[in-house]
Amino acid sequence: MKILLVGSGGREHAIAWKLARSRHVPNLIIAPGNAGTAALGENVPVKAMDLPGMVKLAKARGVDFVFVAPDDPLAAGMVDEMQKAGIMAFGPTAAAARIESSKVWAKQLMIRNGIPTARVDVFDNASAALSHIERAPEGSIVIKVDGLAQGKGVVVPATRQEAVAAVRSMMEELVFGNAGRRILVEERMSGPEVSVFAFVCGSFVSDEIAACDYKRVNDGDTGPNTGGMGAYSPPEFWTPELAARVRREVLEPVARAMVKEGCPFNGVLYAGLMLTSEGPRVVEFNCRLGDPEAQVILPRLESDLVDICLAMASGTLSKTAVRWGGDPHVGVVLASGGYPGKYPTGYLISGLAEAANDALIFHAGTKIGPGSEVLTNGGRVVMAVGSGKSVASARGSAYRSTAKIKFEGAHYRMDIAARSAASGSHSRQERAV
Ligand SMILES: Nc1ncnc2c1ncn2[C@@H]1O[C@H](COP(=O)(O)OP(=O)(O)O)[C@@H](O)[C@H]1O
Ligand SMILES: [Mg+2]
């Protein structure tokens, strides 16, 4: 079996690692990949957003299926293009990917179908948005651009002045391009956040799994936002009762709604939730695995990922086991000096082999140098993912491993999963199939 995996981050290294463990023993091609994926298959330098190039590669290599992991090519219709070319592909079509690529579309779908989420007003002109903001109490709203914005298109303003500045930069200066031509002004919710993932195939929703990630660059959730500095699974507050409620009120209704509205979802559905005093409410949906959450949940997937992909592609997922379990996992990201601002690359990374004694090492921004050495090549460089019988012991192995990895300017957070380890909860999320 031959599989083409699209992407180059830590998520893609984790997907490649899980695919490689399949009973089908697949030959993997990763485009464009990183130094970590190169050890599991063949990296081919086709960019993730090069749709014709990727179709050409899939055809030339005669792959059995393509796994499209990142949001941008999914939103651009890479799965549609593969299907048109007669190639099996894993992931939602562009129409289904709108659940992530248009926050307005996703919100309207939720409202039409009674899925719990924050109230919203949508604006396509700045003066109407500004006069709305004048009337809203300070600290009561969140402002979002409609389209994809690399995780930077949301502002949670503390003051009216900040809110006004956000609207002007989104709608007048178009700092997010066309993504900001329409904006959402949402009711501000509060409560802990959790990311919930399930394989969805039409109206069928597999067993789900939950993780928490850390967006801010510094300890104590301070400093600017990043792509994610760490993650752990399961969260200490994730009970079977809460999981059942999220399935009943969010995951199953949204899958059914997409079928009903003519754009059935096939792929990994990711619900970003806030656990408010009124119950779980949706912050957003994503149409793919999260990064860095994938790196802590895929090691907990006991089923064969190739079997799952084949079942999704043939519409038979309900007959295939999707079993999550496994020990708690905690992952810590090592980032380049300066990230998430400007940072230099090309530094030698040492200690990777020793670090692998304590944890799984997933590469993100890495490349292989002229002498086969591994060099830094991005903002987030590698993630050490530890496991153990409890979150506390998983955290211990993640940090023992992290401490062994060295490169110029490396930095990482010290408090990943600290609150969970301290809560003393050793609960494991295990559901009967
Ligand atoms: N309605 C809301 N109330 C409170 N916080 C919110 C709300 N919407 C978003 N946020 C905060 O902003 C973050 C980013 O918003 P999200 O919709 O997930 O956008 P994206 O991930 O595309 O940047 C969320 O993780 C959450 O912390
Ligand atoms: Mg989000």
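This is a predicted model. The protein chain averages a pLDDT of 96, and 98% of the residues score at least 70. Over residues 426-433, however, the pLDDT is below 50, and this stretch has 12 contacts in the model beyond near neighbours in sequence.

**Exercise 1. Place the largest nonpolar core relative to the domains.**

Solution.
- Start with the assignment: domain 1 (2-91), domain 2 (125-181) and domain 3 (193-423).
- Take the core. The largest one has 116 residues. Leu5, Val6, Val66, Phe67, Val68, Leu269 and Ala384 have the most contacts inside it.
- Read off the position. Domain 1 and domain 3 both give residues to this core, so it lies between them.
- Another core, of 16 residues, lies apart from it; Phe123, Ile133, Met171 and Leu184 are among its members.

**Exercise 2. Locate ligand 1 and describe its shell.**

Solution.
- List the closest residues. Of the 14 around ligand 1, Ala118, Val142, Val154, Met189 and Glu284 come nearest.
- Sort the shell by class: six nonpolar, three polar and five charged residues.
- Find the strands. β7 (141-145) and β15 (279-286) each supply at least two shell residues.
- Assign the domains. Domain 2 and domain 3 both give residues to the shell, so ligand 1 lies between them.
- Add the spacing: the C-alpha centres of domain 2 and domain 3 are 29 Å apart.

**Exercise 3. Is helix α5 mostly covered or mostly open, and what packs on its buried residues?**

Solution.
- Count. Six of the eight residues in α5 (94-101) are buried, and the helix is mostly covered.
- Name them: Ala96, Ala97, Arg98, Ile99, Glu100 and Ser101.
- Identify the cover. It includes α3 (71-75), α6 (103-112), α9 (240-260), β14 (266-276) and β15.

**Exercise 4. Find the unusual backbone geometry at Pro32, Pro340, Ser372 and Ala417.**

Solution.
- Recall the norm: most residues other than glycine have a negative phi, and most peptide bonds are trans.
- Check the prolines. Ala31 and Pro32 are joined by a cis peptide bond with omega about 0°; Pro32 sits in strand β2 (27-32). The bond between Tyr339 and Pro340 is also cis, with omega about 10°. Pro340 is in the loop between β16 (329-335) and α12 (352-355).
- Check phi. Ser372 has a positive value of about 70°, and Ala417 has one near 65°.
- Test burial. A residue with 20 or more C-beta neighbours within 10 Å is buried; with 12 or fewer, exposed. Ser372 has 7, so it counts as exposed. Ala417 has 28, so it counts as buried.
- Place both. Ser372 lies in the loop between β18 (366-368) and β19 (374-376). Ala417 lies in the loop between α13 (391-404) and α14 (418-423).

Conventions
Residues numbered from 1 in each chain as written. Chains lettered and ligands numbered in written order. Predicted model: local features only at pLDDT ≥ 70, side-chain atom pairs only at ≥ 80, totals over all residues. Core = buried A, V, L, I, M, F, W, Y, C linked by C-beta atoms within 7 Å. Domains from an automatic or database assignment. Near = placed C-beta within 6 Å. Helix = DSSP H or I, 4+ residues; strand = E, 2+ residues; numbered from the N terminus. Nonpolar A, V, L, I, M, F, W, Y, C, P; charged D, E, K, R; others polar. pLDDT = per-residue confidence, 0-100. Contact = placed C-beta atoms within 7 Å.
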